[in-house]
Amino acid sequence: MDAGTNESCARAHCVADAALRRLGYEIVVPFEFELGLGAAALSQVTKAEGGFTILAANVTSKTPGLLAPTRVVEAGGLRFGLVGLVDPAVKGTLSRRVLGDWTFEDPVAAASREVQKLRLAGVDAVFALSNL
């Protein structure tokens, strides 16, 4: 993917994110399209669209703070822990240009670790948001 194509994808992603915002989305789990932008472009897109929370417990970024492993939300007097899990097969679809932006971990190991943290934090229930 050349720089022009990446810019076009980033613009298209901004449009998609704006649509999701209008539908009330606040949290997303990334997949091929988002990760394919690369960390820098994805960071710009999320900032431009009001700071979506991108959950991915088994993916880390070279851009600190871009991906969060979990999020706790409160509703109806209860605390819910959300864990984002990305299918590691997406790694094989990413271009070499952006592959170095991401480190993938086994989703089962990541889920186990993060669920334990959420339970220690006192959440009432844990939900996985995933594209596995």
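## Salt bridges, cores and strands in a predicted model

Asp101 is a good place to start: its relative accessible area is just 10%, so it counts as buried, the cut-off for that label being under 20%. All of this comes from a predicted model, not from an experiment. Despite being tucked away, Asp101 has a charged partner, Lys62, and the two form a salt bridge in which the closest N and O atoms are 3.2 Å apart. The pair connects distant parts of the chain, 39 residues apart: Asp101 belongs to the loop between α4 (96-99) and β6 (102-104), while Lys62 belongs to the loop between β3 (59-61) and β4 (70-75). Lys62 has a relative accessible area of 58%, so it is exposed; the mark to beat for that label is 50%. In other words, this salt bridge has a buried end at Asp101 and an exposed end at Lys62.

That pair is part of a short list, as the whole structure contains five salt bridges. The idea behind them is simple enough: side chains of opposite charge can pair when their charged atoms come close. Another of these pairs is Arg113 with Glu105, whose N-to-O distance is 2.7 Å. Here both partners fall into the middle category, with Arg113 partly exposed at 30% relative accessibility and Glu105 also partly exposed at 29%.

Then there is Glu114 with Lys117, a salt bridge with 3.6 Å from N to O. Both residues sit in helix α5 (residues 107-120), three residues apart, so about one helical turn separates them. Their surroundings are not alike: Glu114 is buried at 5% relative accessibility, whereas Lys117 is partly exposed at 47%. These pairs are not isolated either, since shared partners join Glu105, Arg113, Glu114 and Lys117 into one salt-bridge network.

Next come the nonpolar residues. As a rule of thumb, nonpolar side chains in soluble globular proteins tend to be buried together. In this chain the largest nonpolar core has 19 residues, and the ones with the most contacts inside it are Leu35, Val59, Leu66, Leu67, Val86, Trp102 and Phe104. Both α3 (39-48) and β6 put at least two residues into this core, and the biggest contributor is α3, with four. What does Val86 contact, leaving aside its neighbours within four places in sequence? The list runs to Val29, Pro30, Leu35, Ala56, Asn58, Val59, Phe104, Asn131 and Leu132. There is also a second, separate core of seven residues, among them Ala57, Leu85, Leu118 and Val123.

Aromatic pairs are quickly dealt with, as the count comes to one. The rings of Phe80 and Phe127 have centres 5.9 Å apart and planes at 45°, so the pair is called tilted; an angle under 30 degrees would have made it stacked and one over 60 edge-to-face. Phe80 is in strand β5 (residues 78-85) and Phe127 is in strand β7 (residues 125-130), so the two rings tie together parts of the chain that are 47 residues apart in sequence. Phe127 itself is partly exposed, at 42% relative accessibility.

Strand β5 deserves a closer look. Six of its eight residues are buried, so the rest of the structure largely encloses β5. Which strands does β5 pair with? With β4 it pairs in the antiparallel sense, over six bridges, and with β7 it runs parallel, also joined by six bridges. On the β4 side, Glu74 stands opposite Arg79 of β5. The β4-β5 hairpin has two residues between its strands, and Gly76 there takes a positive phi near 60°. On the other pairing, Val83 has Ala128 in β7 as its bridge partner.

Stepping back to the whole chain, there are five helices and seven strands. Read from the N terminus, they follow the order α-β-α-α-β-β-β-β-α-β-α-β. Of the 132 residues, 37% are buried. Among contacts with a separation of 6 or more, 73% are between residues 24 or more positions apart. As for the outside, the chain exposes about 7,200 Å², and 56% of that comes from carbon and sulfur atoms.

Note on methods: Residues are numbered from 1 along each chain as its sequence is written. This is a predicted model: local features need pLDDT of at least 70, side-chain atom pairs count only at pLDDT 80 or more; totals for chains, interfaces and linings use all residues. Side-chain values use heavy atoms; hydrogens and water are left out. A salt bridge is a side-chain nitrogen of Lys or Arg within 4 Å of a carboxyl oxygen of Asp or Glu. Buried means under 20% relative accessible area, exposed over 50%, partly exposed in between (1.4 Å probe, protein chains only). A nonpolar core is a set of buried Ala, Val, Leu, Ile, Met, Phe, Trp, Tyr and Cys residues joined through side-chain atoms within 4.5 Å. Contact means heavy atoms within 4.5 Å. Rings of Phe, Tyr and Trp (its six-membered ring) pair if their centres lie within 6.5 Å; planes under 30 degrees apart count as stacked, over 60 as edge-to-face and the rest as tilted. Two strands pair if DSSP finds at least two bridges between them. Accessible areas come from the Shrake-Rupley method with a 1.4 Å probe; for residues, only the protein chains shown count as cover.
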